Every structure is written in structure tokens, then in C-alpha cells.
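Student: Before we consider the whole, I should like a close look at one part of this structure. Please describe how that part is arranged, and explain each term as it arises.

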Amino acid sequence: SLSRCTHVLGFSQSVAANMAEEAKKLAAYSAVDNNVQNNQVVGVGSGSTIVYAVDRLAERVRQEKLNIVCVPTSFQARQLILQHGLALSDLERHPELDVAIDGADEVDAELTLIKGGGGCLTQEKIVAGNSKCFVVIADYRKDSRVLGEQWKKGVPIEVIPMAYVPVSRVIAKRFGGEVNLRMAVSKAGPVVTDNSNFILDWKFEHVQNWSEVNTAIKMIPGVVETGLFVNMAERAYFGMEDGSVKVRK
Ligand code: 5RP
């Protein structure tokens, strides 16, 4: 019957969701265990995967009595740090970080990333860019050969609100594809970032050189930052479906 079908479908969806959560946790724990040491300044990313990393970090700080200072990449990250009783800092007091750990929406074979699914890309890029080592944590669904293979929502781009229409037009004209203003779930208005800006999602078609495209988009007046992280990540930890962790360097 239909009700039995939807029941079975719902069950398999929840099995898949549990598997992905388990994979996020595996990646996060492995990254924290292998990249964080005593007396370090640690950048804390945003999203759902980072929650597991902060859990593990707090556990290690307690158990091993580590002296760790955390720099957040968003309001969410700041709250996570405070809720876990970790030491909160900022780039004024700690302009150079030892390691930054963050999630990603997609990771290609060269460790080029799409980030900003949660709209925190600008602060995430600032923190990652000022870290000696930037480590990505993700589940198997983010592991890609080329960008766009898995992540279908496009490249997030943070823009100054007054410029969202001209920036959208310039991007569509110069690089093709489709550009959409990201709306709040309620559809009542646009998503507003921690920096009081808007987010455009660029559904690209054919891109050869991500470094060139990233630089060109950044040069458009009104663009604050792109969710393209090119040549930034040192390593990516993927939690896999079979319970293993795959590391890409
Ligand atoms: C937020 C981000 C996140 O790190 C990215 O969206 C991954 O999130 P999740 O761990 O929930 O999949 O870039 O701006």
C-alpha cells in the first residue's frame, strides 16, 4: 500500500541520514585527534559537521588538560565555543592560528572547496587564511572529483545588499549559469549574513579554472567574498560509509 511504501521510504531515508551523521562524527574526531595539540590557537568552522569537532575538542581539553584557545568563524561557532566552556578569542588577540578546522559543501580532487552553504564563508575564509594549517571535515557525500558533481546548489557569494542585482547580472553574463538571491526558509526576505550582507548562489555550468573565476568574481564591485576556497586546504578528512576515514592531502 502507499502508506507502507512511504513508511519504507522514510525508514531508508533515516538510515541514510544516520549514516551521514556517523560519517561526519568520524571525520571530525579524526581531524581533531590528528591535528590539535597543546598550546594551540584553533579556528572553529561553522555548520553541522563542526559540532562533532567541538564536542571532541572539549572532551580532549577536559581529559588531557589542554591549553587551547578558539577563534570562531560565525555566531554559531562562537556559541558552540561558549557552550562547551572552551576559551574564546578573536583575530585581534590571536591574528595567527595554528590550525583551522571547518566543514565544506564539496571538495574536489585538488582540495578546491565550495563553502558557504550556511552563509558563513567570509569569516570562514578569513580564519582559514590566517591559519598555518587548514583542515576540512566532511562526510562521503561531499567527496567529489570535480566541483558541481555532488553539490547542486552552486557557489555561495556574499554581496553588499545594494549590489545584489548588478552583481548577479555581471556573473551570469560573464560566466553563464544562473544566479539566485538566497531567501530565508520563511521566504519572507533574504538570508542576512553575520556581516549584514546577502548571499547569492551561483549555479555554474562549465568552469575550467577555479582560481581565475574566484579572482574575477572577487573583483566585481559589491562582492565581499566567494565560497570558493582555492589552494587553502592542507588536508580533508572524509568519514566514509563503511566506517573508515579517508584523508586527502
Ligand atoms: C557554512 C559552511 C559549512 O562549513 C558547510 O556548509 C558545511 O556544512 P555541514 O557541515 O553542515 O555540511 O561553509 O558557511
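Tutor: The radius of gyration is taken over C-alpha atoms, and the globule rule is 2.2 Å times the number of residues to the power 0.38. With 249 residues, a compact globule would by that rule have a radius near 18 Å, and the 19 Å of this protein agrees. The model is predicted: local features need pLDDT of at least 70 and side-chain atom pairs count only at pLDDT 80 or more, whereas totals for chains, interfaces and linings use all residues. Residues are numbered from 1 along each chain as its sequence is written.

The C-alpha trace spans about 60 × 55 × 35 Å along its principal axes. The protein has 6 helices and 14 strands (DSSP runs numbered from the N terminus: H or I of at least four residues, E of at least two).

The part to examine closely is the open sheet. Its 7 strands follow the order β3-β2-β1-β4-β7-β13-β14, with mixed pairing (two strands pair if DSSP finds at least two bridges between them). At its edges lie β3 (87-88) and β14 (245-248), each of which pairs on one side only. Helix α3 (residues 75-83) packs on the sheet, where it touches β1 (40-44), β2 (68-72) and β3.

Toward the β14 edge, both senses of pairing can be followed. Strand β7 (residues 131-139) and strand β13 (residues 235-239) are parallel over 5 bridges, and Val136 has Ala236 of β13 as its bridge partner. In turn, Ala236 has the bridge partner Arg248 in β14; β13 and β14 are antiparallel, with 4 bridges. The hairpin that these two strands form has 5 residues between them, and there Gly243 takes a positive phi near 90 degrees.

Val136 leads on to the protein's interior. It is among the residues with the most contacts inside the largest nonpolar core, together with Val44, Ala53, Ile101 and Ile137; this core has 60 residues (buried Ala, Val, Leu, Ile, Met, Phe, Trp, Tyr and Cys joined through C-beta atoms within 7 Å). Helix α1 (residues 2-35) gives the most to this core, namely 7 residues. Over the whole protein, 42% of the 249 residues are buried (20 or more other C-beta atoms within 10 Å of their own).

Ile101 shows how such a core residue is surrounded. Leaving aside neighbours within four places in sequence, its contacts (C-beta atoms within 7 Å) include Ala31, Val32, Val44, Ala53, Val135 and Ile137.

Terms used
A residue is buried if 20 or more other C-beta atoms lie within 10 Å of its own, exposed if 12 or fewer, and partly exposed in between; C-beta atoms are placed from the backbone. Two residues are in contact if their C-beta atoms, placed from the backbone, lie within 7 Å. Axes are lines fitted to C-alpha atoms, for helices over the stretch in contact, and angles run from 0 to 180 degrees between N-to-C directions.
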